[in-house]
Protein chains: 2
Amino acid sequence: MSQPDTKQRLLDVAERLFATGGFHATSLRAITCAAEVNLAAVNYHFGSKEALLEAVMARRLGPLNVIRQDRLEQVAQRAVAEGEKPDLRALWTAFITPTLELRRPESGAEYFLSLIGQVLADTNGVLMQVFLRQMSPLFQRLFELTCQALPGVPRQTLFWRVHFAIGSMSHLMRSNDRVPVKPEGVDTDVDIDAITEMLLDYTLAGLEAPL
Amino acid sequence: MSQPDTKQRLLDVAERLFATGGFHATSLRAITCAAEVNLAAVNYHFGSKEALLEAVMARRLGPLNVIRQDRLEQVAQRAVAEGEKPDLRALWTAFITPTLELRRPESGAEYFLSLIGQVLADTNGVLMQVFLRQMSPLFQRLFELTCQALPGVPRQTLFWRVHFAIGSMSHLMRSNDRVPVKPEGVDTDVDIDAITEMLLDYTLAGLEAPL
DNA sequence: GTCTATACGATGATAGAC
DNA sequence: GTCTATCATCGTATAGAC
């Protein structure tokens, strides 16, 4: 390998350009030019433009999902140990916190979240299928534990409420800095911890809503 | 005009193909072929592919926003007349109900919602800007009335909660039939009235969540 | 194995004849 | 208003240099 970091450079540049300019609007020529590699390098190393995006996602999603799964199981085991229902707030904290942590500039994944937000929205795309294959076990587990935590709410109802919660979260991920409407007297530039707590309060109240 | 309904046919076909196949994946050649018009007709009548989508959106969004704005003002005026705060449930019913009504096959706009969901997700796109310009007054008004209905919650907090609510709603719009994960014992094919009520319960609980 | 140069078909857009 | 012809650019594929 004369250029040992060609793949790495492609992943980094693609993540940034896809996130800032959009997947479809970003050409392979723009990526390979910015990464200072040949155009054909993408197809050689990854196979296609879609496969490149898939690799960009997998690189971050893999470790992230391990963390979320671990923290989810910790909450589940604590519930078993204490012989009680899983703690709802702990459950959703385990799911939300590691995700929003990526918004911190120090994480090195500042562009990743808005990228995921885009993919999550592309209902018809193949990318969605790829993403879901990675996420499906986590979603299933989160749903089951939420059902255990809220035995009073019908599964059917909880399914849709979890669906709504995912919607809020993905919408937040997508709105990196640009928030649709900024009314007077509102500062949209709040820190991550504050937003995380607001999302948690909102989501928990929704999940526990009276029937 | 030898073909007086060329524009109309283009709008109808484009709405259907954009919604089912995705905006980027649908070529102008596929649209003009299905509509049985010449390829250049799109650029003649609308100017560009993006402008065509904009026209498709505006055709439905205009009347819909008039309805939503009217119903919002009805709630506001009732509050003034009774000298009380606006009713929160009535407020969000006015916003959500006319929208989800479009999911009914009889509405003739069955493809529209998933199209809007796509646009709402394309954070970086020009389409988003177009959409927001149409929606911004409605969002502003909904936010202000929500603030009036919940004077105990800080504007800053309510801003984000409204943001989360919009996220749930757009996520629901996007998932026309295809829901990411279907756990056991859950029927995802519920009727619109039931889903509307579940979304309302969820959203209201979130907006009113304790601090 | 890795990179380069080059070519192919399809796309969105446009100019000009009718 | 409608059509044909043509353009630059896109994602992709491949042959050949190192």
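**Entry 1. The contact between the chains**

I began with the meeting of the two chains: 56 residues from chain A and 56 residues from chain B take part in the contact. I note that the model is a predicted one. I then looked up the area buried between chain A and chain B, which is about 4,900 Å². Carbon and sulfur atoms carry 67% of that area. I asked which three residues of chain A supply the most of what chain A buries against chain B. They are Trp160(A), Phe164(A) and Tyr202(A), which together give 16%.

**Entry 2. How the copies are related**

I next looked up the superposition of the chains. A turn of 180 degrees, with a shift of 0.1 Å along the axis, lays chain A on chain B with an RMSD of 0.1 Å. The two copies are therefore related as by a two-fold rotation axis. I also compared the interface residues: 98% of those in chain A are interface residues in chain B as well, so the copies meet through the same surface.

**Entry 3. The fold of chain A**

I looked up the secondary structure of chain A and found nine helices and zero strands. Along the sequence, the pattern reads α-α-α-α-α-α-α-α-α. For the extent of the chain, I recorded a box of roughly 60 × 45 × 35 Å, taken along the principal axes and filled by the C-alpha atoms of chain A.

**Entry 4. The two domains of chain A**

I turned to the domain assignment, which gives chain A a domain 1 (1-47) and a domain 2 (58-207). The centres of these two domains of chain A, taken over C-alpha atoms, are 29 Å apart. In their contact I found 11 residues from domain 1 of chain A and 10 residues from domain 2 of chain A. The two domains of chain A bury about 810 Å² between them, and carbon and sulfur atoms give 55% of this. Which three residues supply the most of the area that domain 1 of chain A buries against domain 2 of chain A? I found Glu15(A), Ala19(A) and Phe23(A), with 57%.

**Entry 5. The surroundings of DNA strand D**

I then examined DNA strand D, which has 17 residues around it. The residues that come nearest are Leu28(A), Arg29(A) and Lys49(A), together with Asn38(B) and His45(B). Of the atoms of DNA strand D that come within 4 Å of the protein, 56% belong to sugar and phosphate. I sorted the residues of the surface near DNA strand D by kind and recorded six nonpolar, nine polar and two charged.

**Entry 6. Individual contacts with DNA strand D**

I looked up single atom pairs. The side chain of Arg29(A) has an N or O atom 2.8 Å from a base nitrogen of DNA strand D. Lys49(A) places a backbone N or O atom 2.8 Å from a phosphate oxygen of the strand. A polar backbone atom of Thr26(A) is 3.4 Å from a phosphate oxygen of DNA strand D. I then asked which elements give two or more residues to the surface near DNA strand D. They are α2 (28-34) of chain A and α3 (40-45) of chain B. I noted that α3(B) gives the most, with three residues.

Technical notes:
Residues numbered from 1 in each chain as written. Chains lettered and ligands numbered in written order. Predicted model: local features only at pLDDT ≥ 70, side-chain atom pairs only at ≥ 80, totals over all residues. Heavy atoms only, no water. Near = heavy atom within 4 Å. Polar contact = N/O pair within 3.5 Å; in protein donor to acceptor, adjacent residues only side chain to side chain. Helix = DSSP H or I, 4+ residues; strand = E, 2+ residues; numbered from the N terminus. Nonpolar A, V, L, I, M, F, W, Y, C, P; charged D, E, K, R; others polar. Least-squares fit on C-alpha atoms with pLDDT ≥ 70 in both. Contact = heavy atoms within 4.5 Å. Domains from an automatic or database assignment. Buried area = accessible area lost by both parts, 1.4 Å probe.
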